[in-house]
Amino acid sequence: MSTSGSIAPGRPETLTKEEEAKLKEFWNAALKVFGVSAPEDSESSSQTTAAAEEENGDSVTSPTSPDKKKKKTLGRLLSRKEKTAPPKKETAAATGAGADMVLDTSDDKYGHTKEFNAALASQTPAELRDAFWGMVKCDNPDALLLRFLRARKWDVDKALVMMVATMNWRSKEMNVQAVIRKGEGGAAAEKDNDFMMQLRMGKSYLHGLDKEGRPICFVRVKLHKQGEQSEESLERYTVYIMETARLMLQPPVDTAAVVFDMTGFSMANMDYAPVKYLIKCFEAHYPESLGICLVHKAPWLFSSIWTVIKGWLDPVVASKIHFTKTIEDMEAFIPKENIPGELGGSEDWTYTYVEPIADENAPLKDEVRGSALQSAREEQVRQFETATRAWIAAGATGGESAAAERKAIAKKLATGYWEMDKHLRARTVYDRTGVLSPNGEVDFYGYRKKVGAVETSEDDID
């Protein structure tokens with residue numbers, strides 16, 4: 001992904017016909033899980049994919065693609081009729097269907113299949129639908145689904161399992177919405193020192209862009225001491241930073257860069273638990289979100305640690321990690337003017353934490369306005385789902401009108417999210433410093449304009 005406007009393969013704007021067919025198949029399956037009636041069953045959707053592949057003489061199906069028996073079993077799960085009974089019966093139906101699944105778990109590193117079945121057993125289709133659209137935020141809905149498809153090499157069944165497992169993790173295990181709604185203001189008010197200490201010291205911070213236009217998260221490893229914060233606090237902090245970084249992705253850029261500054265590293269800073277958790281987040285719940293990772297100035301004693309860590313990594317993620325020793329090494333990925341001076345760059349900028357401001361999160365309590373915006377968004381979601389069903393039903397050779405309608409609604413959903421944002425998310429240091437604007441625009445370098453501005457005094461005015 002580059003700042004010149006090029007868009008990587010497998011994105012909404014660059015889909016081949018085979019990839020678009022896979023996306024339709026994925027939407028067809030997802031809508032059924034969400035209890036939204038779909039225009040055709042899984043078998044028909046699979047035939048659409050096959051038709052596109054035959055027409056193009058190629059296939060995006062992975063070599064480990066599910067066999068016919070697996071497809072049929074998953075089809076029975078996803079073909080369950082929309083329930084009109086009370087939620088308890090819906091849950092029971094989901095439990096039975098989940099137990100009937102046959103999926104290949106040989107490469108299920110993070111237990112996604114178990115999480116998938118747990119989600120179907122414990123949540124109604126309506127709850128799963130709400131969890132999905134809560135995860136979308138300002139994303140293009142297609143782009144979000146495509147992250148899971150690319151992560152699972154275009155295997156629709158595995159992508160669906162991964163996505164539903166992630167929704168279950170977000171809503172039940174991590175409660176992501178509660179983390180971002182509480183935010184810094186809530187943590188400060190509750191004297192959550194574990195959480196706030198990490199923000200105040202700048203253990204990690206988001207600042208600037210690399211050569212590909214990706215927002216950068218700098219992690220100052222020497223500021224972490226094992227045992228200073230609870231494991232739960234470290235996990236909440238990690239998710240908080242990742243959710244904030246998601247809001248800073250400006251299309252066509254859809255991945256972030258991470259720089260681990262190992263200056264001054266010692267064994268007192270080594271803590272395997274948060275490292276494993278970060279890896280899990282990138283691989284299991286935020287797929288296709290990491291662009292590059294730089295490990296800067298790692299000392300010799302880190303080599304044995306790296307041997308252990310590398311064993312935990314998916315090869316695709318491991319390929320994105322680069323070791324840099326000098327500023328020249330780092331300049332291959334980040335312009336020197338965007339590298340902070342503490343790392344040897346020429347950017348005269350230092351992280352400074354700005355404390356929460358009184359009443360900055362007042363909109364979170366405005367239930368009337370928040371409810372009105374949510375109702376408007378729900379109507380847009382319904383319109384998008386209707387257009388999606390029409391797009392799927394059109395098959396491989398039609399649907400241009402529905403596709404155009406979906407694209408227009410997706411833009412409205414993105415704009416509408418920013419109208420709702422202050423009613424859903426507590427303000428961050430990036431909101432307070434003007435890096436993240438209320439309309440979603442991101443400007444890491446606003447301070448440069450202020451420094452370069454020429455002040456005008458009364459004496460200059462004729």
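**Helix packing, a hairpin and ring pairs in a predicted model**

The buried residues of α10 pack against α9 (176-189) and α11 (231-246). The model is predicted.

User: Which residues of helix α10 (residues 193-201) are buried, and what arc do they cover around the axis?
Analyst: Four names answer the first part: Phe-195, Met-196, Gln-198 and Leu-199 are the buried residues of α10. An α-helix has 3.6 residues a turn, so residues three or four places apart point the same way. The buried residues lie on the same side of α10, because their arc is only 155 degrees.

User: Which residue follows α10, and what is its phi near?
Analyst: The residue after α10 is a glycine, Gly-202. Its phi is positive, near 70 degrees.

User: What arc do the buried residues of helix α5 (residues 112-122) cover?
Analyst: The buried residues of α5 are His-112, Thr-113, Phe-116, Ala-119 and Leu-120. They sit on the same side of α5, because the arc around the axis is only 120 degrees.

User: How do strands β1 and β2 pair, and over how many bridges?
Analyst: β1 spans residues 204-209, and five of its six residues are buried. Strand β2 covers residues 215-220. The two strands pair in the antiparallel sense, over four bridges.

User: Which residue takes a positive phi in the hairpin of β1 and β2?
Analyst: Five residues lie between the strands of this hairpin. One of the hairpin's residues has a phi near 80 degrees, and that is Gly-213.

User: Which residue in β2 is the bridge partner of Tyr-205, and is Tyr-205 buried or exposed?
Analyst: Tyr-205 has a relative accessible area of 1%. Buried means under 20%, so Tyr-205 is buried. Its bridge partner in β2 is Phe-218.

User: How many aromatic pairs does the whole structure hold, and of what kind is the pair of Trp-169 and Tyr-286?
Analyst: A search of the whole structure gives 18 aromatic pairs. The ring centres of Trp-169 and Tyr-286 are 6.1 Å apart, with the planes at 85 degrees. Angles over 60 degrees count as edge-to-face, so this pair is edge-to-face.

User: How far apart in sequence are the parts that Trp-169 and Tyr-286 tie together?
Analyst: Both residues are buried. Trp-169 lies in helix α8 (residues 156-173), while Tyr-286 lies in the loop between α12 (272-285) and β4 (290-296). The pair therefore ties together parts separated in sequence by 117 residues.

User: Of what kind is the aromatic pair of Tyr-205 and Tyr-351, and how far apart in sequence are the parts it ties together?
Analyst: The centres are 5.3 Å apart and the planes differ by 15 degrees, so the pair is stacked. Tyr-351 is buried as well, at 10% relative accessibility. Tyr-205 lies in strand β1 and Tyr-351 in the loop between α15 (327-331) and α16 (367-393), so the separation in sequence is 146 residues.

User: Which residues do ring pairs link into a cluster?
Analyst: The cluster joins Phe and Trp residues through ring pairs. Its members are Trp-27, Phe-34, Phe-132, Trp-133 and Phe-384.

User: Over which rings do Arg-406 and Arg-448 lie?
Analyst: Arg-406 is 4.0 Å from the ring centre of Trp-391, over its face. The charged end of Arg-448 is 3.9 Å from the centre of its ring, which belongs to Tyr-445.

User: How many helices and strands does the protein have, and what share of its residues is buried?
Analyst: The secondary structure comes to 19 helices and five strands. The protein has 462 residues, and the buried share is 51%.

Methods:
Residues numbered from 1 in each chain as written. Predicted model: local features only at pLDDT ≥ 70, side-chain atom pairs only at ≥ 80, totals over all residues. Heavy atoms only, no water. Buried < 20%, exposed > 50% of the residue type's maximum accessible area, 1.4 Å probe, protein only. Pairing = 2+ DSSP bridges. Phe/Tyr/Trp six-rings, centres within 6.5 Å; stacked < 30°, edge-to-face > 60°. Lys NZ or Arg CZ within 6 Å of the ring centre and 35° of its normal. Arc of directions from axis to C-beta. Contact = heavy atoms within 4.5 Å.
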